[in-house]
Amino acid sequence: MANSDFLSASVISVLMPVNRDAQHVSEIAREIEEHMKQEGLEYELLCLTTTIDPDVTRQLDEARDGLGHRIRVMQFSGVTDEGAVLSAGAEQAQGSIIVTLPARFEIAISEIDGLIAGVKEGADVVTASRQNGATGAASRLQSRFFNRLLSVAAGARFEDLASGTRAMNSKVLAEVPLYGDFHRYLPILAQRLGFDVQERPSQQHPEAKPRTIHSPLVYLWRAIDVLTVFFISRFTRHPLRLFGGIGAAFAVSGSVALLALAMQRLGGVALADRPILILPVLLVGLGFQSFAIGLLGELILFFQARRIRDYRVSAIHQAAPAGYEAEELTSRG
Amino acid sequence: MEQTVELSVTVPVYNEEENVRALVAGLAAVLRPLERSFELVVVDDGSSDETVSVLRGLLEDIPELRVVELSRNFGQTLALQAALDIARGEIIVTMDGDLQNDPADIPMLLENLDGADVVSGWRRNRQDTLVLRKFPSWVANRLIRAVTGVPIHDQGCSLKAYRGEFIRQLDLYGDMHRFIAILAMATGARIVEVEVNHHPRTAGESKYGISRTFKVLADLFTIQMLTWFRTQPIRFFALIGTPFLLASVLAGVLPWILTGWTPVWTSISLFLALTAGACILVGMLGETLNEASAPQGRRSAPFREC
């Protein structure tokens with residue numbers, strides 16, 4: 001490995017997913033270089049790019065000229081899945097601490113120190129919680145609403161899940177499966193596996209310009225994300241509890257309505273051409289369909305049982321065999 | 001290859017700092033005279049008290065002890081799953097860490113394991129509160145016996161002994177550990193139930209509430225569905241779909257014969273037919289999953305050399 005000579009256990013690997021919007025990669029890379037040099041920290045920067053946009057390529061070339069062997073560019077073709085890209089980057093990363101950084105101005109680069117310090121103090125993930133700065137009131141309100149909603153869905157309180165700046169122990173990315181847009185919710189997923197996740201207030205980058213208005217599709221995706229987080233936090237191991245519950249609610253309400261209509265019919269009210277009759281039938285049918293989908297979920301789990309391990313062992317302690325100097329052997333998970 | 005032992009006793013514990021010392025000492029005192037190689041696998045389920053420190057302090061005196069630390073509190077069933085995954089014994093005994101199970105019963109469980117795959121404890125003289133523990137448990141056990149036909153009086157008793165090869169082939173996950181007896185019966189295992197002692201809790205706090213009973217019943221329903229239909233899922237979905245199909249035909253034909261065509265009944269008939277079709281399609285998807293999991297997920301029919 002070309003870089004292995006200068007890399008050591010204390011090296012920090014900075015992963016930066018670079019997409020089409022990334023217009024400041026070289027500036028950010030330069031800031032990282034200056035800051036790390038000033039702090040005397042050894043690091044490597046892995047730019048994970050999914051685009052062949054000429055502007056971005058030029059930015060990456062500029063960054064490469066300035067940083068030499070400390071920068072590696074990983075070009076992914078035919079992949080747009082940022083979660084998969086981050087996982088691939090983490091596999092290549094050689095540092096024991098990984099910092100993820102968006103390729104836009106988000107938090108002041110010096111704030112990374114606090115995140116790294118948190119990991120060195122024992123946390124598994126330390127994520128930046130952006131404090132007031134360049135963000136406008138409308139943006140803050142949106143962000144607060146979204147984070148509160150996600151916190152309720154996940155059953156865990158986070159102030160700023162949208163921030164992409166995080167420092168973590170390298171084993172976190174090896175164990176938390178990331179796909180699609182789910183790297184955004186890494187703190188929730190990691191906490192679910194028993195990792196110690198902390199948030200640290202961080203000042204925003206002076207040039208940060210968070211968008212206030214997003215496209216309607218972004219809001220739709222975020223709403224679906226909230227639903228997904230709710231589901232994966234509570235029901236991935238019990239799909240029938242959710243789908244069966246919804247199905248039972250539909251089927252029972254439909255049955256009650258059917259019974260009421262039947263009573264009316266016995267009382268002499270004609271039924272044949274009353275559209276209201278469609279509703280209870282619809283409810284009962286939907287109820288059973290929801291139930292069937294829940295059972296399908298249970299079957300999937302059952303067939304995959306051998307691969308499912310939802311616990312995480314942090315250490316096994318046992319007495320050392322005779323002849324060992326230490327009295328206790330500890331293997332860490 | 002990891003070294004095996006003849007017997008593994010597995011105990012999940014959570015905030016039991018007052019009990020673990022007596023528990024481990026009691027187990028060692030019972031197991032050492034058996035003259036079998038053994039290990040005590042105590043899984044700490046993310047305790048917030050000093051349970052792990054107390055256990056580590058015992059390692060020097062009790063070298064058979066292995067202390068497994070989980071990264072957070074995952075719940076009893078996952079802690080038990082960790083214990084079963086880590087245990088290396090040819091025979092595995094499971095029990096609670098609250099000193100309500102009696103280690104002195106273990107030799108008797110082992111004797112009964114000759115000629116059986118599972119020996120399940122029955123706390124006939126259970127020392128718990130009537131309203132919160134004994135009555136819900138009595139109802140749940142009656143229901144489980146009636147629904148599943150598994151002749152076990154006390155599904156909730158943690159004190160059980162298993163043949164290692166048998167328990168490892170069950171591929172348990174999540175809350176399925178509560179229903180090992182039902183799953184075991186479905187694979188043709190030989191189950192024996194024996195009466196065991198049960199002591200009142202003397203230290204620490206109970207972690208169970210009545211809400212657990214409802215979860216257990218919901219999970220029981222799931223397990224029963226899976227044991228009935230896992231080999232041919234399409235049958236289950238056809239069972240749901242067929243009444244909808246029949247109702248669709250009736251809703252389409254009867255009003256037409258009796259009163260003539262009406263848009264309302266036609267709509268109802270169409271919707272019912274669509275529901276039936278959806279159920280069949282989901283069933284086909286279930287069959288596809290079943291087939292797709294065959295190489296790694298399913299084994300040949302379980303059998304025993306006689």
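Biologist: Where do the bounds of the two domains of chain B come from?
Modeller: From an automatic or database domain assignment. For chain B, that assignment gives domain 1 (5–208) and domain 2 (233–297). Their centres, taken over C-alpha atoms, are 45 Å apart. This is a predicted model, in which local features need pLDDT of at least 70, side-chain atom pairs count only at pLDDT 80 or more, and totals for chains, interfaces and linings use all residues. Residues are numbered from 1 along each chain as its sequence is written, while chains are lettered from A and ligands numbered from 1 in the order in which they are written.

Biologist: How is chain A divided?
Modeller: Into domain 1 (12–234) and domain 2 (239–305). Here 44 Å separate the two centres, again over C-alpha atoms.

Biologist: What makes a residue of chain B count as buried?
Modeller: Buried means that 20 or more other C-beta atoms lie within 10 Å of its own; with 12 or fewer it is exposed, and in between partly exposed, C-beta atoms being placed from the backbone. Of the 306 residues in chain B, 43% are buried.

Biologist: Which residues put chain B in contact with chain A, and by what test?
Modeller: Two residues are in contact if their C-beta atoms, placed from the backbone, lie within 7 Å. On that test, the contact takes 49 residues from chain B and 42 residues from chain A. Helix 10 (263–292) of chain B is among the elements that give two or more residues to the chain B side. Helix 10 of chain B gives that side its largest share, 14 residues. Helices here are DSSP runs of H or I, at least four residues long, and strands are runs of E, at least two, numbered from the N terminus.

Biologist: How many nonpolar residues are on that side of chain B?
Modeller: There are 29, with 13 polar and seven charged. Nonpolar covers Ala, Val, Leu, Ile, Met, Phe, Trp, Tyr, Cys and Pro; Asp, Glu, Lys and Arg are charged; the others, Gly among them, are polar.

Biologist: How do you know that strand 8 of chain A and strand 3 of chain B pair?
Modeller: Pairing requires that DSSP finds at least two bridges between the strands. Strand 8 (residues 313–319) of chain A and strand 3 of chain B have five, in the antiparallel sense, so they qualify as a pair. A:Gln318 stands opposite B:Arg66.

Biologist: What makes strand 3 and strand 7 of chain A edge strands?
Modeller: The open sheet has seven strands in the order 3-2-1-4-6-5-7, with mixed pairing. Strand 3 (71–75) and strand 7 (197–202) of chain A each pair on one side only. From one strand to the next, the twist averages 20°.

Biologist: How do strand 1 and strand 4 of chain A run?
Modeller: Parallel, joined by four bridges. In that pair, A:Leu15 stands opposite A:Thr100.

Biologist: Why is a set of residues called a nonpolar core?
Modeller: Because its members are buried Ala, Val, Leu, Ile, Met, Phe, Trp, Tyr and Cys residues, joined through C-beta atoms within 7 Å. The largest such core has 99 residues, and those with the most contacts inside it include A:Ala292, B:Val42 and B:Cys279. Helix 10 (residues 278–303) of chain A supplies its largest share, twelve residues. Another core, of 56 residues, lies apart from it, with A:Val25 and A:Ile28 among its members.

Biologist: Which residues does B:Val42 contact, leaving aside neighbours within four places in sequence?
Modeller: B:Val11, B:Val13, B:Val20, B:Val24, B:Leu55, B:Leu65 and B:Val67.

Conventions. Axes are lines fitted to C-alpha atoms, for helices over the stretch in contact, and angles run from 0 to 180 degrees between N-to-C directions.
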